[in-house]
Amino acid sequence: MKIFFPLVIVMILVLLVFAGIKANLYFLFGVVIPYAALAVFVLGFIYRVLKWASSPVPFHIPTTCGQEKTLPWIKQNKIENPSSALGVIIRMALEVFAFRSLFRNLKTELRDGKIVYGSEKWLWAAGLAFHWSFLIILVRHLRFFMENVPVVLKTIEGLDSFLQIGVPLFYMTDAVILAAVTYLFLRRLYLPQIKYISLAADYFPLFLIFGIVLSGVLMRYFFKVHIVGVKILAMGLVGFNPDPKILSEIGAIFYVHLFLLSILFAYFPFSKLMHLGGVFLSPTRNLSNNSREVRHINPWNYPVHVHTYEEYENDFRDKMKKAGIPVEKE
Amino acid sequence: MAKLPKPEELSKIDLKPPKTDWMDTPVEFKEDMYCWGAKGKNLKVVEFPNARDWSPKEEDWKLPENWKEIVMEAFGDRLSKYRSFKLFMDICVRCGACADKCHFFIGGGDPKNMPVLRAELMRSVYRKHFTTGGKIFGKTAGARELTLNVLKEWWYYYYQCTECRRCSVFCPYGIDTAEITMMGREFLNLLGLNIDWIAGPVANCYMKGNHLGLEPHTIKNSIEFFLDDIENITGIKIEPTFNRKGAEILFVTPSGDLFADPGTYTAMGYLMLFHELGLDYTWSTYASEGGNFGFFTSNEMGKRLNSKIYAEAKRLGVKWILGGECGHMWRVLHQYMDTWNGPADFLEVPKSPITGTVFENAKATKMVHIAEFTADLIKHGKLKLDPRRNDHLKVTFHDSCNTSRGMGILEEPRYIIKNVCKNFYEMPENTIREYTFCCGSGTGLNASENMALRMRGGLPRANAVKYVHDNHGVNMLANICAIDRATLKSAMEYWVPDVQVCGIHELVANALVMKGEKERTLDLRLEPLPGKAEKEGNE
Amino acid sequence: MSLKNLLEENKGKIIAKWFDAIIETYPSDTANFLKSQENRFANPVGATISQGINNLFDIIMNGSDNEEAYAFLDNIVRIRAIQDFTPSQAVSFMFFLKRIIREELRKAIQEKHIYEELFAFEAKIDVLASSAFDIYMKCREKLYEIKASELRRMTFRLLQRANLLSEVKGQDSDFKEGNDG
């Protein structure tokens, strides 16, 4: 059920597109839904982040992963246990760009004289491959939205296709992301432990992304679509002036691609995919470990009922006096 | 009497759970795995709601009628108060990196001890009540109603987590199960569902100043009792002071060390060290507890107990505070105390009167860890040490969860140990420092009725100790935590019987050459020092 | 060809099956972890079982002293004694070996008529299985002993000073009042 349900949903989504094209709903699928999805994504993302941010961080709770700053002659681990803003920035950068914490799973061992890696490196590698290729592919797509493609984009494209295979040139990231998504899916399917903890919400985005990539790949390498038309549509969307005439000239597969992507964007703010924004707010990672040096303020700190010294002495005054312990009141 | 199994049953047991989803697998309370319920009288002392005697074994937990409302209201409240809680409810992708990092899972194998699943126990309820998707799609969205069974599951598993934070080291988003367990316990406490092993000490600490419920004259007596032993060993008579106004330093340490071996030897170590330094310090009977079982109860209770330390420092007019060896005590002092009960503007920035070192890293909280203090002394050559007195020991060091992952005090204790004994061996890399394994009995789970749980939780740590025991002959497990000293002793008794447990200041005091001492023949445990037994035997 | 040769030849297969059979006694989510995580510090249960049965097998096969076997048996039983097993389940893993050998080597044993050797081999397993039960009992007793000694450690200092501490002494009977930490 956890796997089947999201799979069926994605299939229905694909069928919806074909039905829509058949019914000539080009404007809906080419203009309305993308705009709506983008709006939901942007507003939803901002809303979610603001909602998190509206809860304060009452306590200073970094998870420290190295020696803290203490005596000057003891070497501090300035990144894994940062005491300065710079240290925190580097720690966060490593976390966001290199998945530092996942990398900890990568345990090397010397077994029978050979270095052996634990199987867990695959999670880190696949995760990194997936996220980076997703990002590169997104960036690559920006060319559709620009009149003059900047040098940076061209360089990225050039690097991505440097193998110079096929016409059109084959992008490595396409293969990498397919492989990574497949691995991340199979992992959930075949490792009992991971299968046990997985929810429908874990499979759905995987299927969705798989569908987006697959339709993209099919569109680029197999069923050619009216690529100039796509560009005209994209430019039109950017300028809030899409040309309705061009819509029907682009192939159906393009709409599958666009629709699934729209769904992903619209689904994003309501899902675990928000870890993209959440990771930056994580108090165990984004705080410096200087809570004895600088007082952390809890905005909702409130007075509590305590058992005062006075009450304590009242309870035990005689016993204290007898034991020779000084008291306030004789 | 159990039914006699058929032969084929005995030869092939299948304990695989029925192929049900974890949500559909009801919690089963297993013998030796949980603690006794809090007694009403202990909860009443601290004015907790729904105080009553109850037993987790009984079907009826005597819950208030509106228990669900109480929990859901608190749930919403905490979501708006703790970004960590809210974030950690939302962003987990269930990658499984944490799954096999929990000592309870490693040692016992209960899938709900996987940190991700422990958190999902709460997330599922969160989705049902606080997210639109969960409300609409229900189970498909991983959401479920808060039922009595779920509540019992919470109780069972949130008292099977020691808030050690090992999982949070491996989580790509830093999700810290400790934060979730804390909330779980906070909710349970609103229904009077604490465990008595925590509720008892909390009540004691609130009224009498320490977990053990030692009254002022008893604390003094306990410490004076050590003085006799110290005099026997060194020939030196020490006279510590109590509740003395005008002392330069207030010393706070967990009360467990005043009471139970082997922690007592660490307490003796403090006394000897401070005497040798001529330190102007005082003990307090009011703030006679460094540890804080309130922290394992609720944020508010933690704050209430912790308030005594600053209050006493202010009353006595000391300049700064020195804290003994303890784990969760230091998590609280380091990350919570100043926020809760500060600012400590009535104190001065701590400065070692012996070396003149100013502890800039503690300039706001004004509290120094004794490992920092002693490491500084040794570095400046202020202590005369004879490490040969610890020659009979082969020592390894266990990093406590809280001091390693909630603070980062890793090098000081090692530096001290290496200066006071000659045989030091590290345990394997993935079991020490930030990767250290819990003793298996933290967060108030060091009761005796849950011994199987404790032994399971202690297995990963003990297994690494066994490795250095087998390979290097290690016979002493040093640590800087009072709960470790009490519970690792038991874990060792079961798993690696030849290994003893000690605090590092016991080792320091053994090696410490004191002015005017007689020739020592005994260590702090009143056992012959190496080389001395034979000598006496030969004479 | 003797049974010993047969066992030696098939050791890899038999051990693997034995290991799987023991691991199967855990929940499947756990079993996967116990099997796949090979770091002995990250997975003490799996590693202890794996190492233990390897050595036990060699010892039984070579007819070595039971003393030697005892340590490995102890390592395994000590773990199972604190997990969710009944006593019979906790020590049954020795009997798995019998079944697996019969299954694996049935044909060869029938062909070669080496029943005598098989009986002798199985007798050794039986001896070890009974030792396993002894160990199990010792482990359980140890647990109770630890419970008791924790209480003793906590009250020891009190008793020493009993004459000084009448008030606190009253709490001795209610040991849960006291606590470490």
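Start by selecting P262(B), which sits in the loop between strand 1 (249-252) and helix 13 (263-277) of chain B. Zoom in on the bond that leads into this proline: the peptide bond from D261(B) to P262(B) is cis, with omega near 0 degrees. Keep in mind as you go that you are looking at a predicted model, so the backbone angles on this tour belong to that prediction.

Stay in chain B and jump to P343(B). This proline lies in the loop between helix 16 (337-341) and strand 4 (367-369) of chain B. Turn on the backbone here and you'll find another cis peptide bond, joining G342(B) and P343(B), with omega at about -5 degrees. Why pause over such bonds? Because most peptide bonds are trans.

**Two positive phi values in chain B**

Next, pick R94(B). You'll find this arginine in the loop between helix 4 (83-90) and helix 5 of chain B. Phi of R94(B) is near 55 degrees, which is positive even though the residue is something other than glycine. Is R94(B) buried or exposed? It counts as buried, because 22 C-beta neighbours fall inside 10 Å, and the cut-off for buried is 20 or more.

Now slide along to L526(B), in the loop between helix 22 (504-511) and helix 23 (532-538) of chain B. L526(B) isn't a glycine either, yet phi is positive at about 60 degrees. The surroundings are another matter: L526(B) is exposed, with 11 other C-beta atoms within 10 Å. Exposed here means 12 or fewer.

**The two domains of chain B**

Zoom out until the whole of chain B is in view, and colour residues 20-194 as domain 1 and residues 201-511 as domain 2. How far apart do the C-alpha centres of the two domains lie? The separation is 30 Å. Select the contact between them and you should get 25 residues from domain 1 of chain B and 30 residues from domain 2 of chain B.

Look at the domain 1 side of that contact first. Helix 2 (40-45), helix 5 (103-108), helix 9 (166-170) and helix 10 (177-190) of chain B each put at least two residues into it. Helix 5 of chain B gives the largest share of this side, with five residues. Colour the domain 1 side by residue type and it splits into 11 nonpolar, eight polar and six charged.

**Where chain A meets chain B**

Bring chain A back and select its contact with chain B. This takes in 72 residues from chain A and 84 residues from chain B. On the chain A side, highlight helix 4 (100-103), helix 8 (192-197), helix 9 (200-222), helix 13 (275-281) and helix 14 (309-322), each of which supplies at least two residues. Which of the helices of chain A gives the largest share of this side? That's helix 14 of chain A, with six residues. By type, the chain A side comes to 37 nonpolar, 23 polar and 12 charged residues.

**A helix pair inside chain A**

Hide chain B and show just helix 5 (residues 121-141) and helix 7 (residues 172-190) of chain A. Their axes come within 8 Å and cross at roughly 140 degrees. That angle makes helix 5 of chain A oblique to helix 7 of chain A, since roughly antiparallel would need an angle over 145. Rotate the view to check the hand of the crossing: it is left-handed.

Then switch on the side chains. From helix 5 of chain A, show W122(A), A126(A), A129(A), F130(A), S133(A), F134(A), I136(A) and I137(A). Facing them in helix 7 of chain A are T173(A), V176(A), I177(A), A180(A), V181(A), Y183(A) and L184(A). The residues of this contact divide into 13 nonpolar, two polar and no charged.

**Last stop: chain C**

Finish by isolating chain C and drawing it as a cartoon. You'll see nine helices and zero strands. Of the 181 residues in chain C, 43% are buried. Among its contacts between residues at least 6 apart in sequence, 68% join residues at least 24 apart.

For a close-up, select S92(C), in the loop between helix 6 (87-91) and helix 7 (93-112) of chain C. S92(C) counts as buried, with 23 C-beta neighbours inside 10 Å. To end the tour, draw a distance from S92(C) to A31(C): the two are 61 residues apart along the chain, and their C-alpha atoms are separated by 17 Å.

Key
Residues are numbered from 1 along each chain as its sequence is written. Chains are lettered from A and ligands numbered from 1 in the order in which they are written. This is a predicted model: local features need pLDDT of at least 70, side-chain atom pairs count only at pLDDT 80 or more; totals for chains, interfaces and linings use all residues. Two residues are in contact if their C-beta atoms, placed from the backbone, lie within 7 Å. Helices (H or I, at least four residues) and strands (E, at least two) are DSSP runs, numbered from the N terminus. Ala, Val, Leu, Ile, Met, Phe, Trp, Tyr, Cys and Pro count as nonpolar, Asp, Glu, Lys and Arg as charged, and the others, Gly among them, as polar. Domain bounds come from an automatic or database domain assignment. Axes are lines fitted to C-alpha atoms, for helices over the stretch in contact, and angles run from 0 to 180 degrees between N-to-C directions. Angles under 35 degrees count as roughly parallel, over 145 as roughly antiparallel, 65 to 115 as roughly perpendicular and the rest as oblique. A crossing is left-handed if the near helix is turned anticlockwise from the far one by less than a right angle, and right-handed if clockwise.
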